[in-house]
Amino acid sequence: MTTQDYAALTPETLPRRLGALPALVERLGPADGWTVREVGDGNLNLVFIVEGARASAVVKQALPYVRLVGDSWPLPLKRSFFEYNALVRHEARDPGSVPAIYHFDETQALIVMEYLSPHIILRQALINGQRVAGLGRRLGEFCARTLFRGSDLSLPTAQKKADVALFSGNVEICDITENLVFSDPYFAAKMNHHTPGLDGIVARLRADLSLKVAAQHLKLAFTSRAETMLHGDLHTGSVMVTDTESRVIDPEFVTYGPFGFDTGMLIANFLMAWFSQNGHEQTQGDRAGFKDWLLSVTQEIWEVFAAEFARLWRTERTGILYQATLYEDQGHALASEQALSDLLGQIWRDSLGFCGVEMHRRILGLAHNADFESIADEGIRAGCEARALAMGRQLMLGAGAIHGMDAVLAMARRMDGEDHL
Ligand code: SR1
Ligand code: MG
């Protein structure tokens, strides 16, 4: 097969084209009994739920262009290969954290995987005001395990270098992040859009030269510091949940980058969920308890991340960095603890910076999030977004002086009562 053999699936063609695939037939039963729905609501891909007599599965297929924009923006199918490889590594590094993979077809750029049911997208749950038990713990562990175990702290050096080389092929996807996250929000880029009432604060942010410099320092970190395998797009739309379970999906933005990128993106999306809650109230204050829960989850993500990262440092530090031969084996365990503390401090500061740019780009750039977009009243939406924009700026410019999540949450609470329009 060549790439010319690729054809996008439709609900009508899927049973005929995949009806002989053992990965599907053996699980679902014969294809003549399948019902197929296309449910993709993301920015890039087709997602089909295939229901058979015995079970169901998901078929995710890349499109050769950006779905959100259309075929004027081509995007290579190879991102499916990178996503598959990332999922395999996530499963190995944090078993049970991602959907089970049943089949991968590189030519058709499709992955057949477990249908998570009755899961919904976490972002929608947070808009609905639904709590998820164990969410902070699960996401904190996922970040620590995948980030630690994908790095030179853990991997044999040849394997880490091979993976850096492998994932460096995900060029066009990285280009999206490099432009949409780190540059476009800070000038009037063509595809940008924002809520009309934000014009004043947007003009102020784009005239803020320190902010532009901070954004480019962060971009330099993203492009040059190949510290670990990132999920690369770890927002609340990349997590599926029930009331008690959470799974991470959709790592097609995988690349090697700084430890703090995934944690920063994730924290940003919880803070945006929090700032958006005033727009989802039915009666004034009826989201107060839920907002407290959101901040407690944000805190738990970081606390669990740091604790699990430290546990792995003490028990699994088998890579080429900070070897035990230099520290513990010399009776210098205290120096190892100091190095760990320094590294966690660096990851914290990086996380705050990445958190800030993510908050900006979801409000000013091309790809917005439903937390804010689903607030019908533009005036209320603009107020919520303005607070998030102001907080993003403080995080980017003040990262070095914000010592701990308590300070971040206090800042969010304070800003929630302010008018930044
Ligand atoms: C053109 S793609 C826009 C965004 O969608 C993806 O989910 C990533 O977040 C990307 O930045
Ligand atoms: Mg995605």
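**View 1. A small pocket of enclosed space: the largest cavity in this predicted model****.** The largest cavity holds about 40 Å³ of space. How many cavities of 30 Å³ or more does the structure hold? Just one. Its walls are made by Asn45, Lys60, Gln61, Ala62, Arg79, Ser80, Glu83, Ala109, Ile111 and Glu252. Sorted by class, that lining comes to four charged, three polar and three nonpolar residues. Strand β3 and helix α3 each put at least two residues into the lining of this cavity.**View 2. Ala109, a cavity-lining residue with an unusual sign of phi****.** Ala109 sits in the loop between β6 (101-105) and β7, and it is one of the residues lining the largest cavity. Is its phi positive or negative? Positive, at about 50°, although this residue is not a glycine. For context, most residues other than glycine have a negative phi.

**View 3. The largest pocket, between two domains****.** About 1,200 Å³ of space lies in this pocket. Of the 48 residues lining it, Asp41, Gly42, Ile121, Gly237 and Asp250 come closest to the centre. Why does the pocket lie between domain 1 (14-114) and domain 2 (120-416)? Because both domains give residues to its lining. By class, 26 of the lining residues are nonpolar, twelve are polar and ten are charged.

**View 4. Helices and strands around the largest pocket****.** On the strand side of the list, β2 (45-51), β3 (56-62), β7 (110-114) and β8 (120-121) each supply at least two lining residues. The helices α3 (79-93), α4 (122-128), α7 (171-180) and α12 (333-364) each do so too. Look again at β3 and α3: each also gives at least two residues to the lining of the largest cavity.

**View 5. A cis peptide bond at Pro118****.** The bond from Ser117 to Pro118 is cis, with omega near 15°. Where is Pro118 found? In the loop between β7 and β8. Those two strands also each have at least two residues in the lining of the largest pocket. As a rule, most peptide bonds are trans.

**View 6. Helices α11 and α15 crossing****.** Here the axes of α11 (residues 288-315) and α15 (residues 405-416) come within 10 Å and cross at roughly 155°. The two helices are therefore roughly antiparallel to each other. As for handedness, the crossing of α11 and α15 is right-handed.

Methods:
Residues numbered from 1 in each chain as written. Chains lettered and ligands numbered in written order. Predicted model: local features only at pLDDT ≥ 70, side-chain atom pairs only at ≥ 80, totals over all residues. Heavy atoms only, no water. 1 Å grid on protein atoms, 1.4 Å probe; cavity = no way out; pocket = protein on both sides within 12 Å on 5 of 7 lines; lining within 4 Å. Points joined across faces, edges and corners; volume = space filled by probe spheres on them. Helix = DSSP H or I, 4+ residues; strand = E, 2+ residues; numbered from the N terminus. Nonpolar A, V, L, I, M, F, W, Y, C, P; charged D, E, K, R; others polar. Domains from an automatic or database assignment. Axes fitted to C-alpha atoms, helices over the stretch in contact; angles between N-to-C directions. Parallel < 35°, antiparallel > 145°, perpendicular 65-115°, else oblique. Left-handed = near helix turned anticlockwise from the far one by under 90°.
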